[in-house]
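Grab your viewer and work through the exercises below. Each one has a task, then a solution that goes step by step.

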Amino acid sequence: MNYRSTRDTSNTPAYVSSAEAIKKGLAPDGGLYMPDSIPHLSSGDVEALIPLSYARRAAYVLSMYLTDYDKAALEADCEAAYSEEKFPGGAAVLRKMDDTFSTLELWHGPTCAFKDMALQIMPRLLSRALSMTGEKLRAHILVATSGDTGKAALEGYRDVPGVDITVFYPVDGVSRMQKMQMTTQEGENVNVCAVRGNFDDAQNGVKEIFSDAALADEAKKAGSFFSSANSINWGRLAPQIVYYISAYCDLVKNGSIKLGDEINVCVPTGNFGNIFAAYLAKTMGLPIAHLICASNSNCVLTDFLKTGTYDRTREFFKTMSPSMDILISSNLERLLYVVGGAELTSRLMNELKENGKYTLPADIMAKIGGVFSGYYLSEKETAETIGRTFDKFGYLIDTHTAVGVGCAEKYVTETGDKKVTVIASTASPYKFAADVAASLGRPIDSDEPSEILGTLSSISGTEIPAPLKRTLTLPVRFTRVVDASEMPNVALKK
C-alpha cells in the first residue's frame with residue numbers, strides 16, 4: 001500500500017511507502033499522507049479478532065495499512081507497546097453505563113491519556129521506518145500539544161535510539177497537571193518549551209518549521225531531520241483506528257450487540273484525528289452507523305458540520321477541557337480528501353490559510369452530513385454532566401469525556417436514535433482534578449497538585465493513578481518560554 005499527499009493534484013502522484021510516510025510526518029507540499037486505498041474489513045475478519053488480545057488485534061489491523069512492515073515485527077512491537085506493564089488497567093477498556101452508552105476508557109497507559117494508545121506503538125514504528133529506509137540522520141520529533149499529546153510523546157520517545165524530541169505547549173493553555181507532567185519529563189533526548197499564545201499558535205509554528213527548506217538544510221548540516229508525532233503523522237493516526245474495531249469486538253464478546261449490529265460512536269475532539277480514525281474504521285466496513293463529533297465552547301467543528309463553512313476567525317475560549325481548545329482541526333483535511341479529492345482539498349486549504357475560512361460544495365457537505373453530527377457543550381453543561389454522571393452511575397469522568405457524554409445525550413434526545421453508542425473516554429479525571437472536583441460541588445482552594453489530587457480521591461472514593469502520584473515527586477527540568485517566532489531556534493537547539 002502506497003501513500004500520497006492530500007494536496008497532490010498531479011496526474012502522477014508522488015507516492016511513498018508507509019515507512020517513508022511515518023518517517024517524514026508531513027508531506028513536502030504541506031499536505032497529510034493518506035493511503036491510496038482503504039482496506040476492507042469483513043464480518044469474518046471481525047469475528048476472527050474477537051477472541052484475540054488487544055495487541056494481536058492491533059497487529060492485524062496495522063498490517064492492513066503498513067504493508068511494507070514485517071508482520072512478525074509488527075506483532076512483537078504491539079505486544080511490547082500494549083503490555084500489562086504499560087497498560088495495567090487494560091489497553092482499551094469498555095465500561096457500560098446503561099443499555100445505550102458505554103465509554104471506551106483509553107487512558108490506562110503511562111500518562112493517563114488516550115494519546116498513549118498511539119504513542120506507545122508509534123516510536124517503534126518510526127524506529128523500524130528509519131532502519132527500513134536506510135536513514136542515517138537522527139530524527140528530531142517536533143510536537144505541538146494542547147496538553148496530552150506532549151507528555152505521551154515525551155514518554156513514548158524517551159531515550160529511543162536515533163531520535164530527539166521537542167514539545168511545544170501554550171504557556172497558559174494546559175492544566176496544572178499536564179504542565180507538571182511535561183516539565184518534569186525524564187530522558188536524555190527530550191526537550192520541552194512553552195509558547196506565548198494558544199495551541200493554534202504552537203501548531204502553526206511547528207507546521208511552518210516543517211515547510212521551511214532553509215531550516216531543514218540547517219538541521220541536516222547538524223545531523224538531523226524534522227518529523228512529527230502529532231496526528232498529522234500517519235504513524236500516529238493509524239493505531240487509533242484499532243481501538244474502535246477492538247471496542248466493537250468487545251461489545252459482541254460481552255453480549256451488548258450481535259455480530260453485524262450497527263453502533264454509533266461519539267468522540268470528544270479538537271484536532272479531528274481521533275474521530276477521523278473512527279471514520280476510517282467505518283469506511284473499512286466496521287458496522288458504525290453514525291459518528292457524533294463532540295466539542296467544547298470552541299465549537300468550530302460543530303458549526304462546520306451544521307453549516308458547511310469552516311471558520312477559524314472567531315473568539316478563542318480557554319475551557320476546563322483544554323485538549324480541545326483548538327480552532328484549526330488539522331485532520332479534517334484528511335476527511336476532505338477522502339470525500340472530495342486532492343484538488344478540492346488543496347484549494348480549501350489555501351482558502352483557509354489566506355482567508356481563515358472556507359465553504360464546502362453542497363454535494364460534498366451532504367456526504368459528510370450523512371455520517372457526522374456535531375454538538376457542543378458549554379462550560380456549565382460540562383460541569384453538570386460530570387456531576388450528573390457521578391450521581392447517576394457512581395462514575396467519575398474527566399472534563400473531555402464529559403463533553404462526549406453530554407453531546408451523545410443531546411444526539412439521542414434530538415434524534416431518538418438509541419443504538420448502542422461507544423463514547424471515547426480520553427483522560428483520567430485526575431488530570432483535571434480541580435475542575436472535576438468543582439463540578440461535583442467541592443471546589444478546592446489550593447494550587448498544590450498533591451492536595452488537589454488527594455481531595456478528589458477523598459471526594460470520589462477512587463484511587464489516584466500511580467503515574468500521576470509519581471509525577472508529584474519529580475523535579476521541574478524545563479522552564480523556557482518563547483514567542484512563536486522563536487520556535488525555529490528551539491528546534492535547532494539554539
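## Exercise 1: an unusual backbone angle

Aspartate 159 sits in the loop between α7 (148-157) and β6 (163-170), where helices (H or I, at least four residues) and strands (E, at least two) are DSSP runs numbered from the N terminus. Before going on, a note on the ground rules: this is a predicted model, in which local features need pLDDT of at least 70, side-chain atom pairs count only at pLDDT 80 or more, and totals for chains, interfaces and linings use all residues. Residues are numbered from 1 along each chain as its sequence is written, and side-chain values use heavy atoms, with hydrogens and water left out.

**Task.** Work out what phi aspartate 159 has, and how exposed the residue is.

**Solution.**
- Step 1: recall the background. Most residues other than glycine have a negative phi.
- Step 2: read the angle. Aspartate 159 is not a glycine, yet its phi is positive, about 60 degrees.
- Step 3: check the cover. Aspartate 159 counts as partly exposed because its relative accessibility is 46%; buried means under 20% relative accessible area, exposed over 50%, and partly exposed in between (1.4 Å probe, protein chains only).

Now try lysine 493, in the segment after α21 (487-491). Its phi is near 60 degrees, again a positive value in a residue other than glycine. With a relative accessible area of 58%, lysine 493 is exposed.

## Exercise 2: overall dimensions

**Task.** Find out which radius of gyration a compact globule with 494 residues would have, and set the value for the protein beside it.

**Solution.**
- Step 1: take the rule. The globule estimate is 2.2 Å times the number of residues to the power 0.38, and the radius of gyration is taken over C-alpha atoms.
- Step 2: apply it. For 494 residues a compact globule would come out near 23 Å; the protein has 21 Å, so the two agree.
- Step 3: look at the box. Along the principal axes, the C-alpha atoms fill roughly 60 × 50 × 45 Å.
- Step 4: add the contents. The protein has 21 helices and 15 strands, and 62% of its 494 residues count as buried.

## Exercise 3: salt bridges

**Task.** Say how many salt bridges the structure holds, then take a few of them apart.

**Solution.**
- Step 1: count. There are 23 salt bridges in the structure, each one a side-chain nitrogen of Lys or Arg within 4 Å of a carboxyl oxygen of Asp or Glu.
- Step 2: start in helix α1 (residues 18-24), where glutamate 20 and lysine 23 lie 3 residues apart, about one turn of the helix. Their side chains meet in a salt bridge at 3.8 Å, N to O. Glutamate 20 is partly exposed at 22% relative accessibility, whereas lysine 23 is buried at 8%.
- Step 3: go to arginine 158, whose side chain meets that of glutamate 155 in a salt bridge (3.1 Å, N to O). Arginine 158 is partly exposed at 30% relative accessibility, while glutamate 155 is buried at 19%.
- Step 4: move to arginine 347 and glutamate 351, with their closest N and O atoms 2.9 Å apart. They are separated by about one helical turn because they lie 4 residues apart in helix α14 (residues 332-355). Arginine 347 is partly exposed at 41%, and glutamate 351 is partly exposed at 24%.
- Step 5: look for a network. Lys151, Glu155, Arg158, Glu186 and Arg470 are joined into one by salt bridges that share partners.

## Exercise 4: sequence versus space

**Task.** Compare separation along the chain with C-alpha distance for two pairs: glutamate 486 with valine 195, and alanine 214 with phenylalanine 272.

**Solution.**
- Step 1: place glutamate 486. This residue is in the loop between β15 (481-483) and α21, partly exposed with a relative accessible area of 30%.
- Step 2: get the distance. Glutamate 486 and valine 195 are 291 residues apart along the chain, and their C-alpha atoms are separated by 8.9 Å.
- Step 3: place alanine 214. It belongs to helix α10 (residues 213-221) and counts as exposed at 52% relative accessibility.
- Step 4: get the second distance. Alanine 214 and phenylalanine 272 are 58 residues apart in sequence and 30 Å apart in space, C-alpha to C-alpha.
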